[in-house]
Amino acid sequence: MAAALRVAKGLRLAAGTPGLAFTRSAFVAKRRNYDQPNWLGVGLAFSTTAALWALLFKQHNEDVAEYERRKEERHHKCAGCS
């Protein structure tokens, strides 16, 4: 059993695959500094959120107006239209 593990380890080293000790994640390249926030990122996040909410309210008001217009059009009864 030990001999088989040694052979497998040798094959892995021969293949050139790095061990876990030598790998490095690109996402943990430097430690974050929480004392100095990224104010540009914070501003972009909040302004994008505000713009999306404004667009949502505008679209909602347009949809309600269209609904009311179609509702009035559906209940319109006159002799000339029918």
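# Exercises on a predicted helical model

Trp53, Leu56 and Phe57 make a nonpolar surface patch of about 350 Å². This is a predicted model: local features need pLDDT of at least 70, side-chain atom pairs count only at pLDDT 80 or more, and totals for chains, interfaces and linings use all residues. Residues are numbered from 1 along each chain as its sequence is written, and side-chain values use heavy atoms, with hydrogens and water left out.

**Exercise 1. State which residues make the nonpolar patch, and place tryptophan 53.**

Step 1. Recall the rule. Patches are made of residues with over 30% relative accessible area and no salt bridge; like charges are joined within 9 Å, and nonpolar side chains (Val, Leu, Ile, Met, Phe, Trp, Tyr) within 5 Å. Areas come from the Shrake-Rupley method with a 1.4 Å probe, and for residues only the protein chains shown count as cover.

Step 2. Name the members: Trp53, Leu56 and Phe57.

Step 3. Place tryptophan 53. It lies in helix α2. Helices (H or I, at least four residues) and strands (E, at least two) are DSSP runs, numbered from the N terminus.

Step 4. Classify tryptophan 53. Its relative accessible area is 48%, so it is partly exposed. The classes are buried (under 20% relative accessible area), exposed (over 50%) and partly exposed (in between), with a 1.4 Å probe and protein chains only.

**Exercise 2. Describe the aromatic pair.**

Step 1. Apply the rule. Rings of Phe, Tyr and Trp (its six-membered ring) pair if their centres lie within 6.5 Å; planes under 30 degrees apart count as stacked, over 60 as edge-to-face and the rest as tilted.

Step 2. Count. There is one aromatic pair. Tryptophan 53 and phenylalanine 57 form this tilted pair, 5.9 Å centre to centre with 35° between the planes.

Step 3. Explain the spacing. Tryptophan 53 and phenylalanine 57 are four residues apart in helix α2, so about one helical turn separates them.

**Exercise 3. Work through the salt bridges in helix α2.**

Step 1. Start with the principle. Side chains of opposite charge can pair when their charged atoms come close. Here a salt bridge is a side-chain nitrogen of Lys or Arg within 4 Å of a carboxyl oxygen of Asp or Glu. The whole structure has five salt bridges.

Step 2. Take lysine 58 and glutamate 62. Their side chains meet at 3.1 Å, N to O. They are four residues apart in helix α2 (residues 39-74), so about one helical turn lies between them. Lysine 58 is partly exposed at 47% relative accessibility. Glutamate 62 is partly exposed at 41%.

Step 3. Move to glutamate 66. Arginine 69 meets glutamate 66 at 2.7 Å, N to O. Arginine 70 also forms a salt bridge with glutamate 66, with the closest N and O atoms 2.9 Å apart. Arginine 69 sits three residues from glutamate 66, and arginine 70 sits four residues from glutamate 66.

Step 4. Compare exposure. Arginine 70 is exposed at 53%. Arginine 69 is partly exposed at 42%, and glutamate 66 is partly exposed at 30%.

Step 5. Join the links. Glu66, Arg69, Arg70 and Glu73 form a network of salt bridges.

**Exercise 4. Summarise the whole protein chain.**

Step 1. Secondary structure: two helices and zero strands.

Step 2. Burial: 0% of the 82 residues count as buried.

Step 3. Surface: about 8,300 Å² is accessible, and 64% of that belongs to carbon and sulfur atoms.
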